[in-house]
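I opened the model to look up a few things and kept notes as I went. The entries follow in the order I made them.

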Amino acid sequence: MPHDHDHPHSVLPPEPALRVKALETLLTQKGLIDPAALDEIIDTYENRIGPKNGAHVVARAWSDPAFKAALLDDADPVLAELGYYGRQGEHMVVVENTDAVHNMVVCTLCSCYPWPLLGIPPGWYKSDAYRARAVREPRKVLAEFGVSLPDETAVRVWDSTAEVRYLVLPARPAGTEALNAVALQALVTRDSMIGCGLAVAP
């Protein structure tokens, strides 16, 4: 039976990013989506809702020892009480960066990521290069993100899966003892909660 080359999928390019763009163009031309609304939704989840939630959790852990202890012991009920749960946010584990250990997260199979806490995963997190190199040469990858660690600091890489997702609790910057929760949240970046960055010094 011959292939029907009139189907829209037959003219889509093979690369995923180009396929997405082509589909977006087709849907826009048919009046089914508004590109501006789509961009706003993506920006909201990538840059506002998600990372803001994670920063709230980190800032509270920095300033509330009991909350931090509970978070590190069993994150799921603590996060659920704050409303940060649901699809892509199940089975959370929080790991703490210290002078002795620096944690970073990768998903070697696909792009498992804690959406309720961090929003949409960045493009580099989903890339083949990051997924392979974060495990093989984590210090080199961190250096490319501008993170230089002392030789005595061990680097531990956590492989996120559909069963377990991770949030890194970055080390609290020095000189922040007098800052309130809002000011502390401003120091927490998305990359610091993946372990590919550090919290911002005030």
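**Entry 1: Val182**

I started at Val182, which sits in helix α9, residues 181-185. The model is a predicted one. I asked whether Val182 is buried or exposed. Val182 counts as exposed because its relative accessible area is 63%, and the cut-off for exposed is over 50%. I then checked a residue far away in sequence: His56 is 126 residues from Val182 along the chain, yet their C-alpha atoms are 8.3 Å apart.

**Entry 2: overall layout**

I counted secondary structure next and found 10 helices and 4 strands. Reading along the sequence, I noted the order α-α-α-α-β-β-α-α-α-α-β-β-α-α. The protein has 202 residues, and 35% of them are buried. I also looked at contacts between residues at least 6 apart in sequence; 66% of these join residues at least 24 apart.

**Entry 3: Gly119**

I went to the loop between α5 (115-118) and α6 (123-126), where Gly119 lies. Gly119 has a relative accessible area of 0%, so I entered Gly119 as buried. From the C-alpha of Gly119 to that of Arg190 I read 9.0 Å, with the two positions 71 residues apart along the chain.

**Entry 4: cysteines and disulfides**

How many disulfides does the structure hold? I found 0. For the record, a disulfide is a covalent bond between the sulfur atoms of two cysteines. I wanted to know why Cys107 is not in one, so I looked for the closest cysteine sulfur. That sulfur belongs to Cys110 and is 3.7 Å away, too far for a bond, because the cut-off is within 2.5 Å. Cys112 gave a like result: its closest cysteine sulfur is also in Cys110, at 3.7 Å, and this is too far for a bond.

I checked accessibility for both. Cys107 is at 1% relative accessibility and therefore counts as buried. Cys112 has a relative accessible area of 9% and is buried, since buried means under 20%.

**Entry 5: Cys196**

I found Cys196 in the segment after α10 (190-194). Cys196 is at 1% relative accessibility, so I put Cys196 down as buried. Which residues does Cys196 touch, not counting those up to four places away in sequence? I listed Met104, Trp124, Tyr130, Leu142, Phe145, Val147 and Asp191. I also noted Asn103, which is 93 residues from Cys196 along the chain, with a C-alpha separation of 8.6 Å.

**Entry 6: aromatic rings**

Some of the residues touching Cys196, including Trp124, Tyr130 and Phe145, led me to the ring pairs. The count came to 6 aromatic pairs. One of them is Tyr125 with Tyr130, at 5.8 Å centre to centre and 35° between the planes, which I logged as tilted. Tyr125 and Tyr130 are both buried. Following the ring pairs, I traced a cluster made of Tyr113, Trp124, Tyr125, Tyr130 and Phe145.

**Entry 7: the largest pocket**

I finished with the largest pocket, which holds about 310 Å³ of space. I counted 18 lining residues. Which of them lie nearest the centre of the pocket? I wrote down Thr98, Asp99, Leu149, Ala171 and Leu198. Sorting the lining by type gave 9 nonpolar, 6 polar and 3 charged residues.

Methods
Residues numbered from 1 in each chain as written. Predicted model: local features only at pLDDT ≥ 70, side-chain atom pairs only at ≥ 80, totals over all residues. Heavy atoms only, no water. 1 Å grid on protein atoms, 1.4 Å probe; cavity = no way out; pocket = protein on both sides within 12 Å on 5 of 7 lines; lining within 4 Å. Points joined across faces, edges and corners; volume = space filled by probe spheres on them. Nonpolar A, V, L, I, M, F, W, Y, C, P; charged D, E, K, R; others polar. Phe/Tyr/Trp six-rings, centres within 6.5 Å; stacked < 30°, edge-to-face > 60°. Buried < 20%, exposed > 50% of the residue type's maximum accessible area, 1.4 Å probe, protein only. Helix = DSSP H or I, 4+ residues; strand = E, 2+ residues; numbered from the N terminus. Contact = heavy atoms within 4.5 Å.
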